[in-house]
Amino acid sequence: MTDYVMKIDKSSKYLMATLLIIPMILMFIGVYGGLMQTLFRAGIVQSDPFMGPDYYKGLTMHGVLNAIVFTTFFAVAFGNAVIPYALRMALNMTWAWVSGILMLLGSVLAGLMIYMGEATVLYTFYPPLMAHPLFYIGLVLLVVGSWIAFFNWIPMYLRWRRENSGQRTPLSVVGMFTTFIVWFIATLAVAVEILFMLLPWSMGLVDEINVMLARTLFWFFGHPLVYFWLLPAYVMYYSYMPKLAGGKLYSDMAGRLVFMMFIVFSIPVGTHHQYMDPAIGAEIKFVHGFFTFMVTLPSLITAFTLAASLEYAGRKRGGTGLFGWMFKLPYFQKDKWLFSYLITGLIIFIFGGISGIVNASYQMNTAVHNTAWVPGHFHLTVAGPVLLAFMGMSLYLLGQYLNKEIKMKGWSLSVPYIWMIGVFTFSWGMMRGGLIGMPRRTNTGATYANPDSALFQPDWIYYIDLSVVGGVIMTLSILIFAIVFFTTALSKQREGEAELTFPVSESYHDEDVSWLRNFKPWIIAAIIIIIIAYTPVILDVLAGTYGGSPTYSPNSPVPLR
Ligand code: HAS
């Protein structure tokens with residue numbers, strides 16, 4: 001079956017160039033910030049030439065640009081490509097531009113505030129760390145822009161359903177809608193936190209803030225945020241990877257079930273980030289722990305479904321025996337370069353998932369919480385499957401929308417493998433260091449390697465050095481990617497009109513299941529479970545915290561107000 005080809009008009013081309021190239025530049029700046037963090041910790045540098053000596057400032061830039069700005073832009077850009085393509089409909093470009101411009105304005109505002117030292121609050125912006133109001137306004141604009149993109153797709157979807165009654169919605173569209181349903185529900189909580197708590201407080205309209213309530217609203221958003229990052233990668237794994245591997249998706253139904261399960265279980269789990277927080281009762285923490293294990297199920301189903309899909313492809317390519325098929329997959333095939341970005345991410349995610357399950361287990365969480373183990377875990381998730389899939393697809397879309405041949409394919413192919421070596425080394429160092437008590441996010445002195453520092457621990461040195469080696473390898477991989485990306489972007493256009501096509505997989509088991517056709521029952525189930533899981537948490541927090549906290553700055557010995 002040949003893939004459908006969609007013509008690309010000028011407006012879409014410029015919009016997508018904006019949505020792909022600017023956040024990519026911001027991502028590169030963020031990665032530079034990441035390298036600086038490891039060098040700071042190892043005592044190799046004492047001051048970042050661009051961000052100065054403040055560890056938290058560089059860490060804020062790293063977290064906000066990489067984890068919030070780049071990911072949100074990519075999800076919107078990918079949705080703007082996938083949804084019109086799969087539904088065979090034109091996107092409303094006016095709203096698509098409005099969404100893009102708002103996101104851009106918001107990101108620049110937030111980034112500037114961080115650069116000026118007015119928002120040294122890390123990506124979690126926990127009070128009592130306070131940022132300039134423009135930082136919060138920047139975040140609001142970014143989120144509102146992403147909502148507009150989502151609202152722009154809804155009429156297309158409804159029209160498609162009317163015109164194609166009885167047909168199954170394309171799986172990629174189910175995946176992208178799941179991504180944004182989860183995002184929309186999750187961002188409602190952070191909107192309340194910013195608009196009713198952080199903004200009035202940073203504008204000086206109120207003096208104090210309820211820190212626990214703000215943290216709780218943040219984590220209502222913060223955990224589903226990780227699935228907002230992960231789900232576009234899942235869309236690529238389910239819809240495109242089996243075909244790139246030379247096979248078929250093992251089960252279409254499994255894909256649909258997985259997406260619906262994410263709607264239900266992504267949100268009522270946020271308290272697993274607050275297991276060690278006071279004010280929230282143990283019983284309700286147990287409930288969130290239970291739902292956390294439920295949200296591992298769609299990923300476990302994914303592991304088996306994708307393994308079966310890859311096995312099918314490997315056997316079709318001549319693989320025999322129990323494991324022979326694994327060696328037949330197109331790991332290093334230049335014309336399938338996108339496959340290498342997806343498979344490496346999946347391999348990394350095996351360990352990201354295992355470490356997530358460790359975190360989710362209350363007793364084990366007591367050993368790893370607030371240690372370097374946690375950044376070890378999340379670099380195996382957001383900086384594994386998510387980053388690699390987003391980079392690969394950004395390059396793919398850049399080629400399609402700008403009508404350019406992908407340049408330096410061999411080098412491009414090396415990027416995910418070098419990254420995988422780097423991220424494994426980095427995370428191994430962080431996680432092992434974390435297990436012997438190396439903390440995360442400490443600001444005082446920043447380095448753990450200076451014998452004069454209060455934080456000096458000789459046992460940690462080996463693991464800090466490992467994280468530096470990993471960080472340098474990861475940076476090398478990103479440098480190669482940046483060269484490939486910009487060489488492609490600046491190369492000559494191909495002959496003819498720009499066209500978009502995706503390698504959409506057929507399904508091996510293609511059963512149509514009526515209860516997976518509609519989002520509505522799953523959204524209702526999600527709302528009911530959220531109410532059950534969060535009402536006791538909010539009541540506990542309100543009953544257990546009195547008054548509020550004044551502002552605190554890590555760089556100022558006295559409270560700011
Ligand atoms: Fe997490 C902390 C629990 C997944 C990101 N997580 C974080 C933080 C981030 C993050 C950023 O319970 C730090 C937040 C902060 O700043 O404080 N996480 C989990 C659990 C999962 C999980 C249970 N996390 C993610 C994903 C992320 C992410 C995905 C980003 C995208 N996480 C936690 C907890 C904490 C936490 C606690 C708080 C820790 C603390 O104390 O502060 C699960 O969703 C994981 C399920 C995944 C699996 C893996 C399935 C494997 C697959 C690969 C198959 C491979 C194949 C390849 C087929 C069960 C799908 C075959 C290979 C061939 C060669 C053929």
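1. Gly410 is found in helix α14. With a relative accessible area of 30%, Gly410 is partly exposed. Its C-alpha atom is separated by 8.2 Å from that of Trp337, although the two residues are 73 residues apart along the chain. The model is a predicted one, and the points below should be read with that in mind.

2. Next to Gly410 in numbering is Lys409, which forms a salt bridge with Glu405; the closest N and O atoms of this pair are 3.5 Å apart. Neither partner is buried, because Lys409 has 25% relative accessibility and counts as partly exposed, and Glu405, at 35%, also counts as partly exposed.

3. Asn403 lies in the loop between α13 and α14. Its phi is near 60°, a positive value in a residue other than glycine. Asn403 is buried, with a relative accessible area of 4%. The backbone at this position merits a look in the model.

4. A second positive phi belongs to Ala279, where the angle is near 75°, again in a residue other than glycine. Ala279 is placed in the loop between α8 (252-265) and α9. Here the relative accessible area is 27%, so Ala279 is partly exposed.

5. The peptide bond from Pro127 to Pro128 is cis, and its omega is near 15°. Pro128 is located in the loop that runs between α3 (93-115) and α4 (133-163).

6. On the ligand: 34 residues surround it, and the closest are Tyr123, Tyr227, His369, His377 and Arg440. Sorted by class, the shell has 20 nonpolar residues, 13 polar residues and one charged residue. Several helices contribute to the shell: α6 (211-239), α9 (282-316), α10 (337-360), α12 (373-379) and α13 (382-401) each supply at least two of its residues.

7. Which polar atoms of the protein lie 2.6 Å, 2.8 Å and 3.5 Å from oxygen atoms of the ligand? At 2.6 Å from a ligand oxygen is an N or O atom in the side chain of Tyr227. The side chain of Arg440 places an N or O atom 2.8 Å from an oxygen atom of the ligand. In the case of Asn359, a polar backbone atom is 3.5 Å from a ligand oxygen. Tyr227 and Arg440 are among the closest residues to the ligand.

8. Arg441 follows Arg440 in numbering and sits in the loop between α14 (409-435) and α15 (461-489). Is Arg441 buried or exposed, and which side chain of opposite charge is nearest? Arg441 is buried and has no salt bridge; the nearest side chain of opposite charge is that of Asp277, 10 Å away. Side chains of opposite charge can pair when their charged atoms come close. For a salt bridge the nitrogen and the carboxyl oxygen must be within 4 Å.

9. Arg441 does have a polar partner: its side chain makes a polar contact of 2.9 Å with the side chain of Thr124. Leaving aside neighbours within four places in sequence, the residues in contact with Arg441 are Arg41, Tyr56, Leu59, Leu122, Tyr123, Thr124 and Tyr126. Of these, Tyr123 is also listed among the residues closest to the ligand.

10. Twelve salt bridges are found in a search of the whole structure. One of them joins Lys243 and Asp3, with the closest N and O atoms 3.2 Å apart. This pair links distant parts of the chain, 240 residues apart: Lys243 is in helix α7 (residues 241-245) and Asp3 is in the segment before β1 (6-7). Lys243 has 26% relative accessibility and counts as partly exposed. Asp3, with a relative accessible area of 25%, is likewise partly exposed.

11. Another salt bridge is formed where the side chains of Asp512 and Arg517 meet, at 2.6 Å from N to O. This pair belongs to one network, in which salt bridges with shared partners join Arg168, Asp252, Arg256, Asp510, Asp512 and Arg517. Asp512 is partly exposed, with a relative accessible area of 42%. Arg517 is also partly exposed, and its relative accessible area is 26%.

Terms used. Residues numbered from 1 in each chain as written. Predicted model: local features only at pLDDT ≥ 70, side-chain atom pairs only at ≥ 80, totals over all residues. Heavy atoms only, no water. Near = heavy atom within 4 Å. Polar contact = N/O pair within 3.5 Å; in protein donor to acceptor, adjacent residues only side chain to side chain. Helix = DSSP H or I, 4+ residues; strand = E, 2+ residues; numbered from the N terminus. Nonpolar A, V, L, I, M, F, W, Y, C, P; charged D, E, K, R; others polar. Buried < 20%, exposed > 50% of the residue type's maximum accessible area, 1.4 Å probe, protein only. Lys, Arg positive; Asp, Glu negative; His and termini not counted. Contact = heavy atoms within 4.5 Å.
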